[in-house]
Amino acid sequence: FDDLQSKQKLPEMAIVDFQFVPVTNTANWSGFVNEIKGMGYKSDRYEDGNTLEISTRPIALSAERIWFHEKKFTIIGHRYGFAPDGWGFFGVESDGAPSN
């Protein structure tokens, strides 16, 4: 995050997307998705059929906030047979609309 921030101006607010992949043959997709959705997060399965993306609401973009969510999702994902595989974000204006 610090390296990225040193190379460009980052938005103050962003929706952060976290990707997770199954690491066991018995990964429980529905259990993971249901728990995440029950916490108010959006999730989508990629067309590759092997990646689950979890999206936050707009959050203050910082290494600490990203880690807060990644840690929470990783702990939950581990229970269902998933591991983190990356993250990305897109900036939003203060009203929640995407920024350019």
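This passage describes the nonpolar core of the model, the helix α2 that contributes to it, and the aromatic rings around F32. The structure is a predicted model, in which local features need pLDDT of at least 70 and side-chain atom pairs count only at pLDDT 80 or more, while totals for chains, interfaces and linings use all residues. Residues are numbered from 1 along each chain as its sequence is written, and side-chain values use heavy atoms, with hydrogens and water left out.

The largest nonpolar core (buried Ala, Val, Leu, Ile, Met, Phe, Trp, Tyr and Cys residues joined through side-chain atoms within 4.5 Å) has 20 residues. F20, F32, I36, I54, F73 and F82 have the most contacts inside this core. At least two core residues come from each of β1 (13-22), α2 (29-38), β3 (52-55) and α3 (63-79); helices (H or I, at least four residues) and strands (E, at least two) are DSSP runs numbered from the N terminus. Leaving aside neighbours within four places in sequence, I54 is in contact (heavy atoms within 4.5 Å) with ten residues' worth of surroundings that include V16, F18, F20, F32, I36, S43 and F73. Among these, S43 belongs to strand β2 (residues 42-45) and counts as buried because its relative accessibility is 9%, where buried means under 20% relative accessible area, exposed over 50% and partly exposed in between (1.4 Å probe, protein chains only).

Helix α2 has W29, G31, F32, V33 and I36 as its buried residues, and these pack against β1, β2, β3, α3 and β5 (82-92). After α2 comes G40, with a positive phi near 95 degrees. The helices α2 and α3 pack at an angle of about 145 degrees with their axes 9 Å apart; axes are lines fitted to C-alpha atoms, for helices over the stretch in contact, and angles run from 0 to 180 degrees between N-to-C directions. In this contact, F32, E35 and I36 of α2 meet F73, I76, G77 and R79 of α3. The residues involved divide into 4 nonpolar, 1 polar and 2 charged, with Ala, Val, Leu, Ile, Met, Phe, Trp, Tyr, Cys and Pro counted as nonpolar, Asp, Glu, Lys and Arg as charged, and the others, Gly among them, as polar.

Turning to the rings, the count comes to 7 aromatic pairs; rings of Phe, Tyr and Trp (its six-membered ring) pair if their centres lie within 6.5 Å, and planes under 30 degrees apart count as stacked, over 60 as edge-to-face and the rest as tilted. F20 and F32 form an edge-to-face pair, because their ring centres are 5.6 Å apart and their planes lie at 85 degrees. This pair links strand β1 to helix α2 across 12 residues. F32 also pairs with Y80, stacked at 6.1 Å centre to centre with 20 degrees between the planes. Since F32 lies in helix α2 and Y80 in the loop between α3 and β5, this pair ties together parts 48 residues apart in sequence. Both F32 and Y80 are buried. Ring pairs link F20, W29, F32, Y80 and F82 into a cluster.
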